[in-house]
Structure formats: C-alpha cells, structure tokens
Amino acid sequence: MVTQAQILQWLKIFESEIEQNKEYLTNLDAAIGDADHGINMSRGFKKVMSQLPTVTHQDIGSILKTVSMTLISSVGGASGPLYGTLFLKASSVAAGKQELTTQELLELLQAGLDGVLQRGKAQLEDKTMVDVLSPAVVAFRQAIEEGKDSLAAMQQAVAISEQALENTKPMLAKKGRASYLGERSIGHQDPGATSSYLMLRSLLKSIKD
Ligand code: ADP
Ligand code: MG
Ligand code: MG
C-alpha cells in the first residue's frame, strides 16, 4: 500500500534529486542535445514545490494532476509535455484515492508510460526516457505476479531501470534533439532516461520511509 503522504514525499524527494543532479542532467544533454535538461526539470519541479501546499489535503489523483498542469505550463522543451502527460495519465488512475494498492501502483506506472508513448511516439531503443520507464514497468508487473509487495516490486523495478539507463549509452537516438546527431549520439547516456531513473528511485525512497 502506498499512501497519499508517501506520494507527496515522492515529489519532494524527486525535486531534491533533480536539484542535486541539475548540472549532471544538463551536462548529459550538452553532449547530445541543447544542454537544458537539468534546467528544464529544475524549473518545473521548483514550480511543483511551490504548488504542493495547495494540494496537501487532496487525493493522490488531484495532487498528480496539479503536478501535470504545472509541468506542462512551466517547462519548455520535449520533457515538459512528456512528463506532464505521464503525470496526467497517472493522475486519472489515482482519481479520488488516498492510497494505492500494489496493483493500483502498477496501473499508475503503466498509465504514465502509455501517456509518454502516445505523446512522444518513441519506441524501445530510440534512446529516450521510454528505455528506462518501459523495463521498469515490466519488472514491477513481474514482481507483482511473483507475489511481491509495493516495496519489493519497486526495488526490483529500480534495479532493472539502473541497468536500463546504462543500456541507453550504445543506442542510436531516433527521437528528440539527440536524433539530429545520428551516429554521434552513440556512446552517451540519455538525459531524459536519467531523470526517469531518478524519478523511479525517488518513488522507491518514499515507499521505504
Ligand atoms: P529538449 O530536447 O526539447 O531540450 P529536454 O532536454 O528537457 O528537452 O529533454 C530531452 C529528453 O526528452 C531526451 O533525453 C529524451 O529522453 C526525451 N525525449 C525527447 N523526445 C522524446 C520522445 N519523442 N519520446 C520520449 N522521450 C523523448
Ligand atoms: Mg534539451
Ligand atoms: Mg531545449
């Protein structure tokens, strides 16, 4: 079971992870994009933090919807609408809920991934955030089928996503700005996949507490 308080904690942890990794994310984007991914994510989640006090007593769906709207309105670039859509789809699964069962958390993660896929039209191995999100959702689902609880399933998902992040390095980018580089995108870790990994790791930390 994941509570509303843990979801709020997730967002706070993710925001602080983004701040701590702002330069790292931007440097990754400097190699294969336009050197703004850390800046974009930081701007968006600082804005999310400023909105959180207005939703502290609301259900998980309303909280995630506010995150979505805030990201869409404050983040330029590809990542704003993509993370905005992820949180929007996630919010609809959590509408009216004060807590999520392990199955509901799976549905939330799956909906978020599906939103990114619909919005960005990336496929696996296009070297995007999908290359971390998708294996993570598959691992989470598999863990549930093995009878694991939210914490154990999330541990499994994060372990897989860490390897999945590493796996973006040899990929040739086929979506987003990095795709303009063609072969020169090979050998670099994808910035959006990196922020998605941080997002999942933050969720694990919040469930652990
Ligand atoms: P921009 O590239 O517009 O400057 P960001 O730098 O904030 O935006 O985000 C770049 C990241 O967005 C990439 O590293 C990649 O993971 C992700 N991305 C870009 N295009 C897509 C897409 N079509 N589908 C999924 N993710 C994408
Ligand atoms: Mg960029
Ligand atoms: Mg940009």
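**Briefing: the metal site and the surroundings of ligand 1**

The magnesium ion (ligand 2) is coordinated by Asp29, Asp34 and Asp36, each through an OD atom, at 2.0 to 2.2 Å. The model is predicted. Besides this metal site, the account below covers ligand 1, which sits in the largest pocket, and the residues that surround ligand 1, 20 in number.

**Magnesium ions**

- Along the chain, the donors of the magnesium ion (ligand 2) follow the spacing D-x4-D-x1-D.
- A second magnesium ion (ligand 3) lies 3.5 Å from the magnesium ion (ligand 2).
- Asp34 coordinates both of these ions.
- Asp36, one of the residues that coordinate the magnesium ion (ligand 2), also has a polar side-chain atom 3.0 Å from an oxygen atom of ligand 1.

**Polar contacts and burial of ligand 1**

- Ser79 places a polar side-chain atom 2.6 Å from an oxygen atom of ligand 1.
- In the case of Ala78, a polar backbone atom is 2.8 Å from an oxygen atom of ligand 1.
- Taken alone, ligand 1 exposes 570 Å², and the protein buries 92% of that area.

**The shell around ligand 1**

- Among the 20 residues that surround ligand 1, the closest are Asn40, Ala78, Ser79, Gly120 and Asp190.
- By class, the shell consists of six nonpolar, eight polar and six charged residues.
- Three helices, H3 (37–51), H5 (79–93) and H9 (191–208), each supply at least two residues of the shell around ligand 1.
- Helix H9 gives the most to this shell, with three residues.

**Summary**

- Asp34 links the two metal positions in the sense that Asp34 coordinates both the magnesium ion (ligand 2) and the magnesium ion (ligand 3).
- Ligand 1 occupies the largest pocket, and polar atoms of Asp36, Ala78 and Ser79 lie at the stated distances from oxygen atoms of ligand 1.

Notes:
Residues numbered from 1 in each chain as written. Chains lettered and ligands numbered in written order. Predicted model: local features only at pLDDT ≥ 70, side-chain atom pairs only at ≥ 80, totals over all residues. Heavy atoms only, no water. Near = heavy atom within 4 Å. Polar contact = N/O pair within 3.5 Å; in protein donor to acceptor, adjacent residues only side chain to side chain. Areas by Shrake-Rupley, 256 points an atom, 1.4 Å probe, with all protein chains shown as cover. 1 Å grid on protein atoms, 1.4 Å probe; cavity = no way out; pocket = protein on both sides within 12 Å on 5 of 7 lines; lining within 4 Å. Sits in = over half its atoms within 2 Å of the grid points. Helix = DSSP H or I, 4+ residues; strand = E, 2+ residues; numbered from the N terminus. Nonpolar A, V, L, I, M, F, W, Y, C, P; charged D, E, K, R; others polar. Donors = N, O, S within 2.8 Å, 3.2 Å for Na, K, Ca; no water.
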